[in-house]
Amino acid sequence: MNMETQLDPMKDDLPLMANTSYMLVKHYVLDLDVDFKSKVIEGSIVLFLETGGQYMRTSNAGKECCQSQFDETCKMGASEPCHIPMINVSTCSSKTDYNDFAVSRKEEETTSDENSNHSNNEQVSGISSSEDCCDIENHGNKDFLLVLDCCDLSVLKIEEVDVAAVSGIEKFTKSAKPTGVSKELENFRNRIVHELVTLPADHWKEQLSYFTHCSQAPGCGELLFSTGTWSLEIRKLGIQTPADFPHAIRIWYKTKPEGTSVTWTTDQSGRPCVYTMGSPINNRALFPCQEPPIALSTWQASVRTAAGFVVLMSGENSAEPVQLREGVLSWYYYVSMPMPASTFTIAVGCWQEVKQQSFKQTTAIETNTEFSLPSPQTDFRWREEICGHVEYPCRFQNPAARLQAVIPYRVFAPWCLMESCEEYLLQLIPQCLSAAYATLGTHPFSRLDVLIVPSNFSSLGMASPHIIFLSQSVLPGGRHLCGTRLCHEIAHAWFGLAIGARDWTEEWISEGFATFLEDIFWARAQQLSHDEIKGQQELKALLRWRRLRDEVQNSEEELQVLRPKKENTGEFSESGASVVKYGLKAEKIFMQVHYLKGYFLLRSLARTIGEVSYLASLRKFVNKFHGQLILSQDFLSMLLEDFPKQKGSELTVENIFQNWLDTSGIPKLLPDQLVLLLESLLEEKTLCPRVLQYLERTYQLREQDAEVRHRWCELVIKHKYEPGYRDIERFLREDQAMGVYLYGELMVNEDAKQQELARKCFAEAQEHMDASSAKVVAEMLF
């Protein structure tokens, strides 16, 4: 039984196949050519690997630990997906088999036309799915399988990289290079990779240089491989444990035009381009990788393309092209902060850099520095803290970076949209970056490119490390849409990128925070007054509430749950494989529920705690958890620990799960939250009867406390909602301590039915009313 069968995902679930528990990719080196004529990206990728945590935990138990670990995995029930990353050596032990399995690049090229329409279901390398894979009683040794996420790629050849051939590399091992082909030489290579990937952060430049040299080292033996619908499985004959598996491998491959990780299209000026547009399958049709979020890695890439094209990428450096030969340019990017492979982004096209006169740009920045620096009181708590992430050159520990309100930025667009970008976008970027810095502090990334992508882009924006894609739709019609969307994507630098969800089903952690912070950033970028901020944000809340209400009414309940795996969130199989629940469901891509329910949860927490204290707690959270993966409870637990008074109320992690994250529909609100919601609705000029009816039924307003029912009665009066008049009668009869104001509201509207209702209620209650209250009401009515 192979891995894909055991996972048995629903057709709407996205399988994450990589066995990250046994081996982790620590660094990728991509070396690629982009060919617009064939719509193919072709080249090689070198993976530098380390043994994973699951293997390391069991390896101390003795020589048989790896096998016993797999024995235990095989005993897991069918409900728990597992993969035994081994294959029976007896099925392919001869030299003839090896040659059959390892397809050379030359052979692939000669047969590519015949096989161009073959699906990934075909066993390209000839290794069949091993039916004996889980049969522990089957005698004979078994080979370890490295499993990568892969889809719609033509894998041509896989080989071990002889990193020991790199000049001067011996210094990493403190021992001389063994001679000949031996077990000692294999161990020597793996020790080199281990020392290289574990270099301290202050040696990152040296590390990057050696990654480059090692990636260019010669091969020292082809590896066996097999491709499936969702995976690439690799093994070395006779190697039975992750520790002995080659720690540096090179994969020669090419993409397929039908692969959905990238989109081949034309820009708004009619010129060809290709870019990663946020596919549900992420980057597995762009390069073989480990997709589970836990597989944090760094990368570097050299991309060659024809002159006239610009290559933009999620990289720390602002790449400048190098001419290799006439008509061919090479672009090089790198990152030193470990990130999930899904965040890798590339865009190749005839982009033009949009520039503005320098004095205008300087003015734009200077006008916003007044509010861009946090006060000492807001950031003192984290100055002395040590970062909790794996070691890398972190900006939060860099004094200069901590004071940088506006990071360097560039804007790119098709030629025909340059003027539109210059009108608003160029001016807005420094304002929005300053506002973000004023709210959350240190920018996690050192620079930013903004690209206006082709019109087929299915979203208004998408954020990746060091680069933001924006739709052309945000450009016309003034500053508002452009500014709010830019703020949303900038917020992802903290929530979604620097802090990621450990389980992709919890996408509200990214989108809910970005939606909430979008309002904060945009208000500061505009330098609005307190009253203007409140008015703008209340209006936004109302519009979002309507969208959420409509979506809840017209979508499947299962897609409305923010934590669909509930108590199993963050869990994965023994091998590290898992599925993203509903990750391939087409309609989910266009749903807003993770944005909106997440936003309303964060807004309600801010209202309960107080916005100033709440934002201070967010800054504290960012400084503690940047560079790490989190679950919902990590944020909620820390927030409630900061405000112990809330623990005695109904505001607990368990209640938030129950009311907000683990259920469909619009969350059950606390009375104070309902009051705030109704007060914001009172500011609206018109609400139709259907909305009021839905509001009452959804929140069971007639059963709430007097404060909530008072606001409900005000809404009924304002919008002349006659089915609610009996609620007014009840309130004026039973809640006389709070009802005096409603008499005045009934009379002010100068509506005959409402005035009649007021007089009727007063006549029935007058003799039982307090004398002072009765006098005040009588003056209102007569």
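This note comments, point by point, on the fold, two sheets, one helix and several salt bridges of a predicted model.

1. Overall composition. The protein, taken here as a predicted model, contains 25 helices and 26 strands. Of its 782 residues, 58% are buried, and the surface that the protein exposes amounts to about 33,100 Å², with 50% of that area supplied by carbon and sulfur atoms. When contacts between residues at least 6 apart in sequence are considered, 76% of them join residues that are at least 24 apart.

2. The four-stranded sheet. Strands β12, β13, β18 and β15 form an open sheet in the order β12-β13-β18-β15, with antiparallel pairing. Its edge strands are β12, covering residues 263–266, and β15, covering residues 310–313, each of which pairs on one side only. From one strand to the next, the twist in this sheet averages 15°. As general background, the strands of a sheet pair through backbone hydrogen bonds, in either a parallel or an antiparallel manner.

3. Pairings within that sheet. Between β12 and β13 there are four bridges in the antiparallel sense, and T265 is found opposite C273 of β13. These two strands make a hairpin with five residues between them, in which G270 adopts a positive phi near 85°. On to the next pairing in the order, strand β13 (residues 272–275) is joined to strand β18 (residues 346–349) by two bridges, the two strands running antiparallel; here Y275 stands opposite A347 of β18.

4. The three-stranded sheet. A further open sheet consists of three strands in the order β6-β10-β9, and its pairing is antiparallel. The edge positions are taken by β6 (146–149) and β9 (224–227), each pairing on one side only. If direction is ignored, neighbouring strands of this sheet are turned by 20° against each other on average. The pairing of β9 with β10 is antiparallel and extends over four bridges, and within it S226 has E233 of β10 as its bridge partner.

5. Salt bridge E160 to R189. The structure holds 38 salt bridges, and one of them brings together the side chains of E160 and R189, with an N to O distance of 3.6 Å. Because E160 belongs to strand β7 (residues 153–161) and R189 to helix α6 (residues 183–197), this pair ties together parts that lie 29 residues apart in sequence. Both partners fall below the 20% cut-off for burial: E160 is buried at a relative accessible area of 4%, and R189 is buried at 9%. In general terms, side chains of opposite charge can pair when their charged atoms come close.

6. Salt bridge D244 to K183. Helix α6 also contributes K183 to a pair with D244, a salt bridge in which the closest N and O atoms are 3.2 Å apart. D244 sits in the loop between β10 (231–235) and β11 (248–255), so that the pair, with its partners 61 residues apart, links distant parts of the chain. A reader might ask whether D244 is buried or exposed. The computed relative accessible area of D244 is 26%, which places this residue in the partly exposed class, and K183, at 39% relative accessibility, also counts as partly exposed.

7. Salt bridge D727 to R702, and a network. The closest N and O atoms in the salt bridge between D727 and R702 are 2.6 Å apart. This pair also links distant parts of the chain, given that D727 lies in helix α22 (residues 725–734) and R702 in the loop between α20 (689–699) and α21 (706–718), with 25 residues separating the two in sequence. D727 is buried, its relative accessible area being 9%. Elsewhere, salt bridges with shared partners connect E160, D162, E186, R189 and K236 into one network.

8. Helix α21. How far apart are the end C-alpha atoms of α21? They lie 18 Å apart, and because the 13 residues of this helix should span 18 Å at 1.5 Å a residue, the distance agrees with the expected value. The helix is mostly covered, with 11 of its 13 residues buried. The buried set includes the residues R709, H710, R711 and E714, alongside others such as V708, W712, L715 and I717.

How values were computed: Residues numbered from 1 in each chain as written. Predicted model: local features only at pLDDT ≥ 70, side-chain atom pairs only at ≥ 80, totals over all residues. Heavy atoms only, no water. Pairing = 2+ DSSP bridges. Axes fitted to C-alpha atoms, helices over the stretch in contact; angles between N-to-C directions. Buried < 20%, exposed > 50% of the residue type's maximum accessible area, 1.4 Å probe, protein only. Contact = heavy atoms within 4.5 Å. Areas by Shrake-Rupley, 256 points an atom, 1.4 Å probe, with all protein chains shown as cover. Salt bridge = Lys/Arg side-chain N within 4 Å of Asp/Glu carboxyl O. Expected span 1.5 Å × (residues − 1).
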